[in-house]
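Me: Please take a close look at one residue on a strand of this chain and at what surrounds it. I would like the whole chain sketched beforehand, and the cut-off behind each term stated once.

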Amino acid sequence: MTETRRAGVIGHPVGHSLSPVIHNAAFSKLGIDAEYAALDAPTEEDALEIMRRLHDGRTLGFNVTMPYKWLAFSICDDSDEAARAVGGVNTL
């Protein structure tokens, strides 16, 4: 039996995001055993903790929205020229 993979969007606020509805519908249609969630992080510390927890081998990836794009960039192992130019990333 395989474990359900995880994905999500991290930010504050994110409760209004339609991303979980869109991504979960796509996972279902494609037969992918995964769940996409909105992960609210009221503080930078909360956001970092969520990002660290998601670096566990079960996570497909996650999007980062405001105000944490620069924070996500700061923990990247690698980045491209565009990310370095703006000092932020949207997807990990």
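Reply:
**Arg 6 and its surroundings**

Buried residues, meaning those under 20% relative accessible area (exposed is over 50%, partly exposed in between, with a 1.4 Å probe and protein chains only), make up 30% of the 92 residues in the chain. This is a predicted model, in which local features need pLDDT of at least 70 and side-chain atom pairs count only at pLDDT 80 or more, whereas totals for chains, interfaces and linings use all residues. Residues are numbered from 1 along each chain as its sequence is written, and side-chain values use heavy atoms, with hydrogens and water left out.

The chain has four helices and three strands, both taken as DSSP runs numbered from the N terminus (helices H or I, at least four residues; strands E, at least two), and along the sequence they follow the pattern β-α-β-α-β-α-α. The radius of gyration, taken over C-alpha atoms, is 13 Å, which agrees with the value near 12 Å for a compact globule of 92 residues; that rule is 2.2 Å times the number of residues to the power 0.38. Contact means heavy atoms within 4.5 Å, and of the contacts in the chain with a separation of 6 or more, 66% are between residues 24 or more positions apart.

Arg 6 belongs to strand β1, which covers residues 5-11, and it counts as partly exposed because its relative accessibility is 25%. Strand β1 pairs with β3 in the parallel sense over five bridges, where pairing requires that DSSP finds at least two bridges between the strands, and Arg 6 itself stands opposite Thr 59 in β3. Strand β3 (residues 59-64) is largely enclosed by the rest of the structure, because five of its six residues are buried.

Leaving aside neighbours within four places in sequence, Arg 6 is in contact with Glu 35, Arg 53, Leu 54, Asp 56, Arg 58, Thr 59, Leu 60 and Gly 61. By contrast with these partners, the C-alpha atom of Ser 74, 68 residues away along the chain, is separated from that of Arg 6 by 22 Å.

One of the residues that Arg 6 touches, Arg 58, also takes part in a salt bridge with Glu 3, in which the side chains meet at 2.9 Å, N to O. The pair links distant parts of the chain, with Glu 3 in the segment before β1 and Arg 58, 55 residues apart from it, in the loop between α2 (44-53) and β3. A salt bridge here is a side-chain nitrogen of Lys or Arg within 4 Å of a carboxyl oxygen of Asp or Glu, and the structure holds one. Glu 3 counts as exposed because its relative accessibility is 51%, whereas Arg 58, at 29%, is partly exposed.

Strand β3, the partner of β1, also leads to the interior of the model. A nonpolar core is a set of buried Ala, Val, Leu, Ile, Met, Phe, Trp, Tyr and Cys residues joined through side-chain atoms within 4.5 Å; the largest has 14 residues, and Ile 10, Ala 47, Met 51 and Tyr 68 have the most contacts inside it. At least two residues of this core come from each of α2, β3 and α3 (69-74), and α2 gives the largest share, four residues. A second, separate core of five residues includes Val 9, Phe 27, Ala 34 and Tyr 36.
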